[in-house]
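Student: Could we go through this structure together? I would like to begin with how one of the chains is held together.

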Amino acid sequence: MQDWEVVIGLEIHAQLTTQTKIFSGSSIAYGAEPNTQANLLDLGMPGQLPVLNKAVIPKAIRFGLAIGANIGRRSVFDRKNYFYPDLPKGYQTSQFSYPIVEDGGSLEIEVEGETRRIGITRAHLEEDAGKSIHDAFPGMTGVDLNRAGTPLLEIVSEPDMRSAQEAVAYARKMHELVQFLDICDGNMQEGSFRVDSNVSIHKPGTPFGTRAELKNINSFRFIEQAIEFEVARQIEILESGGEVVQETRLYDPERNETRSMREKEEANDYRYFPCPDLLPVVIEQADIEREAEAMPELPDAKRARYQQNWGLSEDDAQVLTASRAMSDYFETLVDLTGEAKKAANWLMGDLSKALNQAGLRIDQSPVTAKMLAGLMARVDDGTISGKMAKQVFSAMWDGEGHADEVIEAKGLKQITDEGAITEMVDQVLADHPDQVAAYQGGQEKMLGFFVGQVMKASKGQANPAQVNAVLKARLAQS
Amino acid sequence: MAIEKKDVTAIARLAALSVEEEEIGQVAGKLNHILDVLQTMQSVETDGVEPMSHPLDQVQRLREDTVTETNQRDRYQRIAPAAEKGLYLVPQVIEQV
Amino acid sequence: MHNLSLKTLSERLQRRELTSVELTQHFLDRIARFDGELNSYVTVTPELALDMAKEADERLDRGEGHRLTGIPVAHKDIFCTRDVKTSCGSKMLDQFLSPYDATVVEKLNALGMPILGKTNMDEFAMGSSTESSYYGQTLNPWDKKAVPGGSSGGSAAAVAAGLAPVATGSDTGGSIRQPAAFCGISGIKPTYGAVSRYGMIAYASSFDQGGPMTRSAEDAAWMLEAMAGLDERDSTSVSLARTDYARDLAQPVKELKIGVPEEYFSEGLDNEVAETVQAAIQVLADQGAEVVPVHLPNKDLAVSSYYVLAPAEASSNLSRFDGVRYGHRCEAPKDLNDLYTRSRSEGFGEEVKRRIMVGTYVLSEGYYDAYYRKAQKLRRLVRDDFVKAFEQCDLIVGPVAPSVAFDIGEKTDDPVSMYLADLYTIPVNLAGLPAMSVPAGFAQGRPVGLHIIGPYFEEHKILQLAHQYQQVTDWHHSVATDYR
């Protein structure tokens, strides 16, 4: 018997990083008291009219260019009509027939060493709905319209993914992309990046099966689990002679299962039609060119450059491009120091450790790239040793100032004066005649002992390389 | 394309309106009478005619992305039929979106 | 005093021979005296009016008034007025104290025009007789058996009866021009986009346009100047090169070419109305205007196109009335669906529900192309007719309605007959053109209007022709016996 083939398409809602809503001047800041960021328009008051937020257009163009899609030169807002308490106007303003990002786009993903290109059908601008709160009042649902009208870019993929792993790889790649493009903050906990999965199964060579839509999944791990559960469920249904019903299902991470949302008896008919309160959005060639010129380097290109130009490993390049903030930090540091490998080591070493411990993002780091560059310069010019540098970093992290200030305050200057080091070396050798004899008798590992003694005598401040060199020279002479 | 009784029910459901069982026939009759008039449109050849959504050929004007609104919740909720703790209240919604 | 022109009132106010308080009180007194029967107002706001009048007087005393300062106005109840009931003629909004002012209201407030109250209208502007209002029928001041027209019937009746010197109205398919014609006053629907729709409760957004209802063309020009202009809050609002609509009033009509569409005088037009309109056109010809025949071949399709598109937009525009955030909410809803359907079914009247149903149907799956899309195409054909016609003339004239004001109750059982009576006004809304009705005489003892249609943004030319016509006729000075 032939195996089932899994077919997955994703619809991703990326909240655009604007100050205000897509059609009103209300703030979209997260976490405000209910309905304090809902103005007359957001509340669907009679007579209210929408005016489009300027900031969403370049973001959509940038996205379209990044995925290689055609830009809708004349896109149109439509109304999607249905009744729901969190939809104050009784319709959602969205783009149906003429989206701002048209076809032609795609994204390359890699799963288990194999590269695949996932088609992107379209991406369109739309407004978010409000929030229904089901547990605040017995027998009643509360409605908070702060989120209503938040600008979204809905990114619709082709049904090109064939496994949960591919779906997650695509979602992750998209998550990374929208952040690099600076169009979405990618915060999944706050709902800034939401993934709906359309999942079906069929036998290869036969038409696609009936799909179920999995909604409300707010982590990549859960997306994978939800799809795997759903695939297993559908296989079981079909193999026992049943039929998959087209429906929306919710994933419950606690039980690791998907549940039917019990759609209304009849399928909805959204009666899309062009919103008469809004006019066509026209994008000129110059608008596109402006965005193309300002297009930031994308993660794939960055990774290739890090490896080729700076000789970093693939894994390191991956880590350093994990977020836009990370690569920005890294590149600033390299710019300032000219030392890609050392910069990478700092980032993936002490800095990452400190950030993890403090639970901070790299853009919140108390040690900025410029400060870290200052520290690296002092190591580079021999002022301090690598070991001292760790101490300085930790002081900088604690807010004790720039590298030079810390070095000064702690008196951490390295001893590089040849004469002073020679003096210390001679003293150590004079104090340990037996060990000198042993060394000269062929026990060369005794060198480490002498280095340790000299460093101790210098209170750790002698330059270890110089100590080594001087020791070798003196031992050879005596 | 006459509207039948079941169509009236379906339209009413989409429009969130209720039509009393005994009125359905009458409503269907009136709607059909209207649709008969609208049907005269079908006699006209419109191939190649671009549908017109707006009277003027204009393009969308854009708004600056700056916060212009302040919290007016109390004032706005004064006219709400049911609001508590800053939330608008509706009967419990079972299914969640 | 209640029949004086804005110009005269303004001069007397500016010269301080008359105070705004006196003038406002005069209208309030007349409302108290006549409106119990006429029912042209849904809400009268005496305190607000007098407060505003007092403020206007202070401005005038300081010599800081605009020429409209101190002249009271009545607003159609479709315009949102802050903290004043804004019902749109519907039970749905019977308790709705608008939290904000419409742009039109804001502009007239800023000029210091005291608000007398809110005028009656067909529910959500859906109607041509003001019979669908939740607040009862408004009577026609000329004949109390007759409708005042609609949907701005309250504004038309109030101005005609001298219960307001001027009023605002809105016109989606003829709702300013037809009641103006039926009540013997002047009313202009500007080019779509000239007057902001912000705060004007939407019926059919791509057609709706606010405008003034006045005693004369000159008054209309003054009011339109105050109402029009770009509003950043309305995406469909247009930046106008000029809003000095009175600029050409004094120009003679000699230079103007007047197009008369043959199709506007075909079957269905009342003979006496036709003769009255023809006589008015003869007056214009006598004044030196060149009269030429033009054609609007797709006129008959306009009604069908309109009654698809307008209800479609309305069905969506009226979805926000769901009993959740404002407006009527049914008692003790048992679940969400019950809340929606009962609140809406109780809150909306028959005609509104009918249009929502029609609109829902024509947008629904399987019917969209045959109805909605088809109607959008016809809309373009209708517009193209006008564009072509205006290649041959400066203005188009004809009847406003196929008959004079019909009797109350005459068409209530037959919505289609009511729709068909909009056949001369609707094409203008489909195209988005400016057009006006001015009093041109009487037929069967009821007023007849002359319809003047202009090219986009040429309101000043329409007003010029209307004003020049009013220089040699005095139909606009006629006042019904009871209200002199």
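Student: In chain A, what share of the contacts with a separation of 6 or more comes from residues 24 or more positions apart?
Tutor: In this predicted model, such residues account for 68% of those contacts in chain A, a contact being heavy atoms within 4.5 Å. Local features here need pLDDT of at least 70, side-chain atom pairs count only at pLDDT 80 or more, and totals for chains, interfaces and linings use all residues; side-chain values use heavy atoms, without hydrogens and water. Residues are numbered from 1 along each chain as its sequence is written, while chains are lettered from A and ligands numbered from 1 in the order in which they are written.

Student: And what is the radius of gyration of chain A?
Tutor: It is 30 Å, well over the 23 Å that the globule rule gives for 478 residues, so chain A is more spread out than a compact globule. The radius is taken over C-alpha atoms, and the rule is 2.2 Å times the number of residues to the power 0.38. Along its principal axes, the C-alpha trace of chain A spans about 100 × 60 × 55 Å.

Student: How does chain C fare against that rule?
Tutor: For its 484 residues a compact globule would have a radius near 23 Å, and the 21 Å of chain C agrees. Buried residues make up 70% of chain C, buried meaning under 20% relative accessible area, exposed over 50% and partly exposed in between (1.4 Å probe, protein chains only). In chain A, 55% of the 478 residues are buried.

Student: Changing topic, what is the strand order in the open sheet of 3 strands in chain A?
Tutor: The order is β5-β4-β15, with antiparallel pairing. Strands are DSSP runs of E with at least two residues, helices are runs of H or I with at least four, and both are numbered from the N terminus; two strands pair if DSSP finds at least two bridges between them.

Student: Why do β5 and β15 of chain A each have one side without a neighbour in the sheet?
Tutor: β5 (91-94) and β15 (273-274) stand at the edges and each has a single partner strand, so one side of each is left free of a neighbour in the sheet.

Student: Which helix packs on the sheet?
Tutor: Helix α9 (residues 299-317) of chain C does, touching β4, β5 and β15 of chain A.

Student: Lastly, is A:E444 buried or exposed?
Tutor: A:E444 counts as exposed because its relative accessibility is 59%. A:E444 is found in the loop between α13 (433-440) and α14 (446-457) of chain A.

Methods. Axes fitted to C-alpha atoms, helices over the stretch in contact; angles between N-to-C directions.
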